[in-house]
Amino acid sequence: MASQLDALNRWVDEVARLTQPDAIHWCDGSDEESRALTAQMLGDGTLVALNPQTHPNCYLHRSNPSDVARVEQLTLVCTRNKDDAGPNNHWMEPAEAHKKIDALFAGCMKGRTLYVIPYCMGPIDSPISRCGVEITDSPYVVANMRLLTRMGAPALARIEREGKFVKGLHSVGELDPERRFIMHFPEELSIKSYGSDYGGNALLGKKCHALRIASWQAKSEGWLAEHMLIVGIENPAGETTYVAAAFPSACGKTNLSMLIPPEGYRKAGWKVWTVGDDICWMTPGADGRLWAINPEAGYFGVAPGTSKTTNPNALATIQHDTIFTNVAVTADNQPWWEGLPGTPATDWQGRPYDRANGPVAHPNSRFTVSAKQCPSWSPQAEDAQGVPISAIVFGGRRPSLVPLVFQARDWTHGVLVGTAMVSETTAAATGAVGVLRRDSMAMKPFCGYNYGDYFAHWLSLDKPGATLPKIFHVNWFRKGADGKFLWPGFGDNLRVLEWIIGRCEGTAHAEETPIGFVPGKRDLHLEGLDIDDHSLDTLLDVDTEGWIDEVADIGRYLDSFGNHTPAALKAEQQRVAEALERDDKPARKAAAG
Ligand code: OXD
Ligand code: MN
């Protein structure tokens, strides 16, 4: 009988004929393999060793300066039917796309080694996990995939058993932005990426497989592949509630997933457990609840801003066995970025520090590290069935209008709230930073199909027998008239999560408003927090006039997906618009006391 690996071997042969590498290496994921690759990369300058006393087994990689972020313009979803990719994706006809990118791949691995990386997204023995194989000519990609996925022999064994895997072909090419494409072929379960060595473009298990391809599969199979962290909140009684939260790139998912409770909470016995910081696969269980796994095994976190005050857990995680990309270094060779103490000596491009050259660490500089090194890592992250999700939280960077937190009335309203998400763009993708744009469910760059169909898929989970999570929206980024953030954020976000959990359990109070349920000042646990009344009033205010405009704009946004927009979502938008028109704010406030 033909081995299940025959298909894999045939594909590797086919790719080798096209790319013509000097050698082929099948990655087994062993420590010896990793040591040999590291030595090779130290030898050719791909990696630079950092201070072994302060940061044992830590390395710095400096990217080509034109290759430091995701490239949305060059990221394509290639479906037979253009409508299936939707207006949210850049599209190319599959045959044309293959022809274009194969021309770039032809002979591109001459003088290089072709690495075959079998990997598993999710716990190796979980039925929810999925396997893939990435072929790459980048040892840096191999080193990152080793930290971010379950890579090597166990994954290959699972592929042999199942016979099914996502094919990802990657080459750094010439690192020329003019010869760069990240292409997805969801109908073929394959990915082709050329010309970039940057995380989201090159580590194909992450955004390309676990979000774009997986979201396509999830649609037809009845589950969700989402750009969400997963965090467990343990109360003083020892009960843990799991929350999944979607925020756009570089908006604090890693910080929230590793939150350290404020002192009063810590003393009372609250604990926070990190299941995942970026991606969440949720599947309806036999009990009707959504059960979630983190398909990743490590973090590819944004370095700048990570500090003792913002995220001490992340800082502790990255003291050893970490790859740093595009950070600065101090005179004694420690990694450095804006937010850390000390002084940089060399910037992210290896130049002597000069303030005139702009940020010393690249604003999208990163650390790659195994999740198990995190002090708050949840052992439940290895559970084959995942963790049950009680609340889904959406959030973005909104300097105005959007309150600190509100709860959607029901699932349909919650889907509208997620659909309507807006955030400022960040350095995680090339292009302008700080521009407000709609980023439904934080999936704008990652949804592998038509957003209208995706909204319909979300709505379809609400069926008889389902016990779905409650849906909330948060905004840590509201600013006052002086341009300063009104809410302290970070550890104090637990105060908001406590209210959210209380709402899930039916114990926390809220005021009903046209946009959903909003806590009053007395409904939040604010002991030990230095915040003035005026800031709180602003944070919890629902500005009827401002929301009327916002909801009208949401209506126009929904229309931009034409007849793919589910009628039920449009009807929900109408319902909220009418509730706002009817809103008698003084009477509402008086009733709330
Ligand atoms: C990431 C991103 O790298 O969202 O996680 O860009
Ligand atoms: Mn992300």
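Student: Where is Ala225 placed, and what makes that element a strand?
Tutor: Ala225 is placed in strand S12, and elements of this kind are DSSP runs numbered from the N terminus, with at least two residues of E for a strand and at least four of H or I for a helix. This is a predicted model, in which local features need pLDDT of at least 70 and side-chain atom pairs count only at pLDDT 80 or more, while totals for chains, interfaces and linings use all residues. Residues are numbered from 1 along each chain as its sequence is written, chains are lettered from A and ligands numbered from 1 in the order in which they are written, and side-chain values use heavy atoms, with hydrogens and water left out.

Student: Why does Ala225 count as buried or exposed?
Tutor: Ala225 has a relative accessibility of 1% and therefore counts as buried, given that buried means under 20% relative accessible area, exposed over 50%, and partly exposed in between, with a 1.4 Å probe and protein chains only.

Student: Which residues are in contact with Ala225, neighbours within four places in sequence left aside?
Tutor: With contact meaning heavy atoms within 4.5 Å, the partners of Ala225 are Ala210, Leu211, Ala214, Ser215, Ala218, Cys280, Trp281 and Met443.

Student: What makes Lys207, His227 and Asp278 donors of the manganese ion (ligand 2)?
Tutor: Donors are N, O and S atoms within 2.8 Å of the metal (3.2 Å for Na, K and Ca), and water is not among the atoms, so sites may look incomplete. The NZ of Lys207, the NE2 of His227 and the OD of Asp278 lie 2.2 Å from the manganese ion, and the spacing of these donor residues in sequence is K-x19-H-x50-D. Lys207 belongs to helix H8 (residues 205-221), whereas His227, 20 residues apart from it, sits in the loop between strand S12 (224-226) and strand S13 (228-234); both Lys207 and His227 are buried.

Student: How do you know that H16 and H17 are roughly antiparallel?
Tutor: The axes of helix H16 (residues 544-559) and helix H17 (residues 567-582) come within 9 Å and cross at roughly 165 degrees, where axes are lines fitted to C-alpha atoms, for helices over the stretch in contact, and angles run from 0 to 180 degrees between N-to-C directions. Angles under 35 degrees count as roughly parallel, over 145 as roughly antiparallel, 65 to 115 as roughly perpendicular and the rest as oblique, and H16 and H17 are therefore roughly antiparallel to each other.

Student: Why are H12 and H17 described by another word, and what is it?
Tutor: The axes of helix H12 (residues 411-419) and H17 come within 9 Å but cross at roughly 90 degrees, and H12 and H17 are therefore roughly perpendicular to each other. In this contact, Thr412, His413, Val415, Leu416 and Thr419 of H12 meet Ala568, Leu569, Glu572, Gln573, Arg575 and Val576 of H17.

Student: What makes the phi of Asn326 worth a remark?
Tutor: Most residues other than glycine have a negative phi. The phi of Asn326, however, is near 65 degrees, a positive value in a residue other than glycine. Asn326 is found in the loop between strand S19 (323-325) and strand S20 (328-330), and its relative accessible area of 2% makes it buried.

Student: Why is Asn333 called partly exposed?
Tutor: The relative accessibility of Asn333 is 28%, so Asn333 counts as partly exposed. Asn333 is placed in the loop between S20 and strand S21 (335-336), with a positive phi near 70 degrees.
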